[in-house]
Amino acid sequence: MSLEEALKMADKIVFEKTGQHLDDLQKAVLQGTLKRKRYRQIAEDFDYSESCIRGVGAELWKILSEELGEDVNKSNFRSTMERFHNSNILNFTENVSGSVNICQKQRHPPDIPNSHKTQQETSHPKQPATPDQDLDEMPDLGDFYNRTTELETLTTWILQQHCRLIALTGIIGIGKTTLAVKLVQQIKDNFDYVIWRSLETSPTFAEFQTDLVQFFSESQPQNALENTQKPLPLIKYLQKYRCLVILDDIHHLFSSGELAGKYKPGYENYDCFFKQIEKLSHQSCLLLIGWEQPIKLPQLKSKKTPIPILQLTGLDFASAREILRDYGLTEIEKWEKIIHLYQGNPSWLKSVATQIQELEENLIELLPDDAILLPEDLKDNLQQQSDRLSQPEKQILSLLATKNQPISLAQLLETTQTSPSDLLNTLQSLCRRSLIEKQENLYTVPPVLREYYIESD
C-alpha cells in the first residue's frame, strides 16, 4: 500500500467523521508517521513545536479509533490502514456516499502486541502485528559481499538461541556495520521494536536511556500512558516487548590510551545495563558493534548464559576478488597476493584498488612481491585505531612489527622489561582489537599493520 493510498483512506475516514478533509498539518503528521518519523522530527521538518504536532496526532488517532472501532495510534497506523485496505473492509469508491460504520472487536489489547508471549509459551514467536522501527541512524547497505556464514551465525544466535547480548567486533574496515545492516534487513520483522543507535557522539547512559524511553513512550497508545505516572526504566520496555537494539560504534564509550574495552569515567552505567540485559528474563536482543568489546563482557559468560562474540575476519578469496573486479582490476595476475596481504579487508582492498586504478593498472606488477601500498586514506583509518592504544600496546606492536617471523611468549618475556602479568594483559587486549594474530603459542602482526607501524616509527 502506497503512502498516497494510505493518506487517501485516512482522509475519507476523517471526512466521514468530521465533514472536513485533512488539512496540510494533519497530512504532514500522517506522512511523517508513515515514514516512521518521530514527533520531534516531524516538528523540525515543518517548523512547528513538538507539542503542537503531538496534539494534532492525538486528535487524529482519536478520530480514526472512534470511526474504525478499534485503537489506532502512531505505532500501528500504517499496519491498520494496510489491513483494512487488503481485506476490503473499507470499500471506498469515488461514488460512495453515507457514513463509514465499521465496528469490530479489538484483536488484542492495544498496549500488548500479539507476539508478547514468553519464551516458555512459544519458542517460535509469531511476527508481530505492529512492528515499530527507528532506523534513522542505520547506514544504507551499500556494497555487500558474501557473508553467508556470518549472517547465518548471527541469525541463529538471535532467532533460535534467543541470545540476549551479542558482540560483533573486528578491525576498522572489516565490514561489521555492513553485516549488521544486512542482518537487520533480514530479521527485523521478527520483533515488536527495532532500534539502531550510533554511539559516535559518546552519549552518557542517562542520555541514551532517555532517548530510547522517549521513543517507546511515543509509540505507546495514549490510554496506556494515562495510567503511568512516569516513564518506565529502559529495561522494563525491553522486558515487556521483543526488541532488537543495535548499538554501533560502541568503542566510543571506552577510554583511549587504555587497554581495550575500559569504560570512560562516568560511563560505567552502561556496564550495569549490559549485565541487566544478560541476567534478567526477557526476549529482547542487544547487538554491540565496534572495534572493541567491553572489557567486562567475557566475565559475564557461563555455561548457562553464554554471550556470543563474533570477531569478524576478512572476506574469502572469491568475495574479495569481486571487489577487485568492481574496481576495474580484472587483469592483475597477483590478485591472490593482494587479497592475502590485505587480509580480505573490504575497506583496505577498495583503498588499494582505487590507488592502483588511478595510477596504473599494472603498477602492482612493477613492485616487489612483498611491497605493501598504504594509501593515505588507509593510513588515516589505521591512525584512528592506533590513537586508542595504550603505551604498552604500542611498544609490543612496534616490537612485533620488526620480526619477520612469529614470536613466542617466552621470547617476548625475554625481550621486554614488562612483567608477565602486564604482558599477558597487553597481548589479550591486542588480540581483542584484531591487531595481532595468535597461532598456537606464536604471535605476529599482519603485513599491512607491520608496514604501517614500521613507517610510523
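Here are short questions and answers on the sheet and the aromatic rings of this predicted model.

Residues are numbered from 1 along each chain as its sequence is written. In this predicted model, local features need pLDDT of at least 70, side-chain atom pairs count only at pLDDT 80 or more, and totals for chains, interfaces and linings use all residues, while side-chain values use heavy atoms, without hydrogens and water.

Student: Which strands stand at the edges of the open sheet?

Tutor: Strands (E) are DSSP runs of at least two residues, helices (H or I) of at least four, numbered from the N terminus. Two strands pair if DSSP finds at least two bridges between them. The six strands run in the order E1-E3-E4-E5-E2-E6, with parallel pairing. Each edge strand has a single partner, so one side lacks a neighbour in the sheet: these are E1 (132–134) and E6 (309–311).

Student: What is the bridge partner of Thr 169 in E5?

Tutor: Strands E2 (residues 165–169) and E5 (residues 285–290) pair in the parallel sense over five bridges. In E5, the partner of Thr 169 is Gly 290.

Student: How many residues apart in sequence are the parts tied together by Phe 216 and Tyr 237?

Tutor: Rings of Phe, Tyr and Trp (its six-membered ring) pair if their centres lie within 6.5 Å; planes under 30 degrees apart are stacked, over 60 edge-to-face, the rest tilted. Phe 216 and Tyr 237 are stacked, at 5.0 Å centre to centre and 5 degrees between the planes. Phe 216 lies in helix H8 and Tyr 237 in helix H10, so the pair ties together parts separated by 21 residues.
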